[in-house]
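Colleague: Got a few minutes to walk me through this one? I have some quick questions.
Modeller: Sure, pull it up and fire away.

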Amino acid sequence: MLFGQNIYLRGLELSDVPELMKHWNNRELKQFLNKITPQSIQEEEQWIRNTWNERKNGNSYVFGICLVETDLYIGNSEVRILDTISRRGNLGISIFNPDYWNKGYGTEAIRLILDYSFTTLNLHSAELEVFSNNPRAQRCYEKNGFKKTGVRREALFRDGKYIDIFLLDITKKEWNNLNI
Ligand SMILES: CC(C)(COP(=O)(O)OP(=O)(O)OC[C@H]1O[C@@H](n2cnc3c(N)ncnc32)[C@H](O)[C@@H]1OP(=O)(O)O)[C@@H](O)C(=O)NCCC(=O)NCCS
């Protein structure tokens with residue numbers, strides 16, 4: 001488990017599925033994520049089983065985000081190894097319960113997973129994609145030292161129009177020099 005002040009990160013269990021399914025198919029959430037089509041209980045159970053295999057094989061590390069105070073499971077975060085030689089990883093985060101947006105938990109979770117990526121997994125850099133319709137996520141990444149490196153112009157169709165996808169990354173050196 002990875003402990004922060006207000007949240008902690010832990011591996012997922014099949015018993016997490018009911019809480020996840022309360023929110024996972026909400027349109028408000030899906031607009032910010034890659035998969036916009038609805039997903040079933042069975043698909044989510046399969047996804048969790050898959051996270052165990054991926055972790056065992058060293059391909060990807062998925063954590064549930066939980067509140068320290070109540071243990072409520074509010075989101076997921078992942079670091080996926082993209083290149084074992086260059087030590088590049090891809091980061092993902094989703095606080096699926098909107099009641100817990102804008103309370104600093106995302107910033108804290110990204111901080112924990114970045115620390116894990118650089119100090120435990122020994123990644124050299126971490127990268128991610130964020131959609132132009134998501135200034136809150138962009139701000140969160142920026143607060144944690146991510147820099148914008150590029151744009152996939154009009155690469156995503158959302159709500160009847162094409163929007164941009166921004167590419168962001170951070171190196172281990174930048175992370176170590178960050179005063180947060
Ligand atoms: C994106 C996400 C992880 C952010 O976590 P969070 O806990 O909600 O965010 P935090 O409270 O830690 O920080 C939000 C920051 O964005 C700012 N913000 C919020 N809405 C904003 C907006 N519309 N425009 C600009 N900044 C905004 C907040 O003021 C805060 O910055 P500050 O601390 O400088 O004031 C979370 O909201 C989430 O999971 N959303 C749904 C899924 C998603 O978007 N995932 C990311 C896909 S790339």
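Colleague: Which residues does histidine 23 touch, not counting those up to four places away in sequence?
Modeller: Histidine 23 touches Leu29, Phe96, Asn97 and Pro98. One caveat up front: this is a predicted model.

Colleague: Where does histidine 23 lie?
Modeller: In the loop between α1 (17–21) and α2 (27–30).

Colleague: Buried or exposed?
Modeller: Histidine 23 counts as buried, because its relative accessibility is 12% and the cut-off for buried is under 20%.

Colleague: And glycine 104, where is that?
Modeller: Glycine 104 is also a loop residue, between β5 and α4. It is partly exposed, because its relative accessible area is 36%, and partly exposed covers what falls between 20% and 50%.

Colleague: How far is glycine 104 from asparagine 176?
Modeller: Their C-alpha atoms are separated by 21 Å. Along the chain, the two are 72 residues apart.

Colleague: Let's do the sheet. What is the strand order?
Modeller: Eight strands, in the order β1-β2-β3-β4-β5-β6-β8-β7. The sheet is open and the pairing is mixed. The edge strands are β1 (2–3) and β7 (147–158), each pairing on one side only.

Colleague: Start at the β1 end. How do β1 and β2 pair?
Modeller: Antiparallel, over two bridges. A hairpin of three residues joins the strands. Leucine 2 has leucine 9 as its bridge partner in β2.

Colleague: What does leucine 9 stand opposite in β3?
Modeller: Isoleucine 65. β2 and β3 are antiparallel too, with four bridges.

Colleague: Which residues of β2 are buried on each side?
Modeller: Ile7 and Leu9 are buried on one side, Tyr8 and Arg10 on the other. So both faces of β2 are covered. In a regular strand, side chains alternate between the two sheet faces.

Colleague: How many bridges join β4 to β5?
Modeller: Eight, and the strands run antiparallel. One of the pairs is asparagine 76 with serine 94 in β5.

Colleague: Which residue in that hairpin takes a positive phi?
Modeller: Arginine 87, near 55 degrees. The hairpin has four residues between the strands.

Colleague: In which sense do β5 and β6 pair, parallel or antiparallel?
Modeller: Parallel, over three bridges. Asparagine 90 is partnered by glutamate 127 in β6.

Colleague: And what joins β6 to β8?
Modeller: Seven bridges, antiparallel. β6 spans residues 125–131 and β8 spans 161–171. There, leucine 128 has leucine 168 as its partner.

Colleague: Now the helices. Which strands does α5 lie across?
Modeller: Helix α5 (residues 135–143) lies across β5, β6 and β8. It runs at about 160 degrees to β6.

Colleague: What about α4, which strands there?
Modeller: Helix α4 (residues 105–120) lies across β1, β2, β3, β4, β5, β6 and β8. Its angle to β5 is about 155 degrees.

Colleague: Switching to the ligand. Which residues come nearest?
Modeller: Ile95, Gly106, Thr107, Asn134 and Lys143, out of 22 around the ligand.

Colleague: What does lysine 143 contribute?
Modeller: A polar side-chain atom, 2.6 Å from a ligand oxygen atom. Asparagine 134 also places a polar side-chain atom 2.7 Å from an oxygen atom of the ligand. With isoleucine 95, a polar backbone atom is 2.6 Å from a ligand oxygen.

Colleague: How much of the ligand does the protein cover?
Modeller: The protein covers 75% of the 960 Å² of accessible area that the ligand has on its own.

Definitions and conventions:
Residues numbered from 1 in each chain as written. Predicted model: local features only at pLDDT ≥ 70, side-chain atom pairs only at ≥ 80, totals over all residues. Heavy atoms only, no water. Pairing = 2+ DSSP bridges. Contact = heavy atoms within 4.5 Å. Axes fitted to C-alpha atoms, helices over the stretch in contact; angles between N-to-C directions. Near = heavy atom within 4 Å. Polar contact = N/O pair within 3.5 Å; in protein donor to acceptor, adjacent residues only side chain to side chain. Areas by Shrake-Rupley, 256 points an atom, 1.4 Å probe, with all protein chains shown as cover. Buried < 20%, exposed > 50% of the residue type's maximum accessible area, 1.4 Å probe, protein only.
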